[in-house]
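Subject: Structure handover

Hi,

As promised, I'm passing this structure on to you. Have a look at it below, and then read on for what turned up.

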Amino acid sequence: TVEADIIAADHAIRISGLPALPLWETFLDRTLSLDVYQDNQATARIMSTGRAPTLRHIKRTHGVSISWLNERVTGPDITLHDCISEVMAAEIFTKHFVDRDTWESVCMLIWCHHT
């Protein structure tokens, strides 16, 4: 759902991504930005515009500020990218597959990430 994607993006950016930036910039001696990939068009639009009237409760219930996310993804330290679902290894855990070729393709995504 869009709500779950927003919460996951917030967690990834806030807990893992932004805290690691200064460390990597120090190691590599250059300025970096986070590349955030989103396969849900509605979620990407909410993150880009900062508008989500149906998710007004998200700050209260999950502690996620959509305006903060918007500020971050429109700022210089994060680049939001569109990502097609077919190249995401996590798809195997979130979709139902009935076609053998598609199933083998997503299995290979996982295999390639672990070898």
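One bit of vocabulary before the tour: in what follows, Ala, Val, Leu, Ile, Met, Phe, Trp, Tyr, Cys and Pro count as nonpolar, Asp, Glu, Lys and Arg as charged, and the others, Gly among them, as polar. Please also keep in mind that this is a predicted model.

With that in hand, the largest pocket is a good place to begin. Its lining has 9 nonpolar, 4 polar and 5 charged residues. That lining is made up of 18 residues, and A8, A9, Y37, Q38 and M88 are the ones that lie nearest the pocket's centre. Three elements give two or more residues to it, namely α1, β1 (34-38) and α5 (91-94). Which element gives the largest share of the lining? That would be α1, with 7 residues. As for the space inside the largest pocket, the figure is about 330 Å³.

Now the chain in general. You'll find 6 helices and 2 strands, and reading along the sequence gives the pattern α-β-α-α-α-β-α-α. If you want a feel for the dimensions, the C-alpha trace spans about 40 × 40 × 20 Å along its principal axes.

Next, how the helices pack. Start with α1, which covers residues 2-28, and α2, which covers residues 41-49. Their axes lie 9 Å apart and the angle is about 55 degrees, which makes α1 oblique to α2. The crossing here is right-handed. On the α1 side the contact uses V2, D5, I6, A9 and I13, while α2 brings A42, T43, I46 and M47. Sorted by class, that contact has 7 nonpolar, 1 polar and 1 charged residues.

Helix α1 also packs against α4 (residues 66-73), again at an angle of about 55 degrees, with the axes 11 Å apart. So α1 and α4 are oblique to each other. Left-handed or right-handed, how do α1 and α4 cross? The crossing is left-handed. Here I6, A9, D10, I13, R14 and L18 of α1 meet I66, W68, L69, R72 and V73 of α4. The residues of this contact divide into 8 nonpolar, no polar and 3 charged.

That leaves α2 and α4, which meet each other too. Their axes come within 6 Å and cross at roughly 85 degrees. Angles of 65 to 115 degrees count as roughly perpendicular, and α2 and α4 are therefore roughly perpendicular to each other. From α2 the residues involved are I46, M47, S48 and T49, and they meet I66, L69, N70 and V73 of α4. By class, the contact of α2 with α4 has 5 nonpolar, 3 polar and no charged residues.

A few residues are handy to pick out on screen. I6, A9 and I13 of α1 appear in the contact with α2 and also in the contact with α4. A9 turns up once more among the residues nearest the centre of the largest pocket. On α2, I46 and M47 meet α1 and α4.

Over to you, and happy browsing!

Note on methods. Residues numbered from 1 in each chain as written. Predicted model: local features only at pLDDT ≥ 70, side-chain atom pairs only at ≥ 80, totals over all residues. Heavy atoms only, no water. Axes fitted to C-alpha atoms, helices over the stretch in contact; angles between N-to-C directions. Helix = DSSP H or I, 4+ residues; strand = E, 2+ residues; numbered from the N terminus. Parallel < 35°, antiparallel > 145°, perpendicular 65-115°, else oblique. Left-handed = near helix turned anticlockwise from the far one by under 90°. Contact = heavy atoms within 4.5 Å. 1 Å grid on protein atoms, 1.4 Å probe; cavity = no way out; pocket = protein on both sides within 12 Å on 5 of 7 lines; lining within 4 Å. Points joined across faces, edges and corners; volume = space filled by probe spheres on them.
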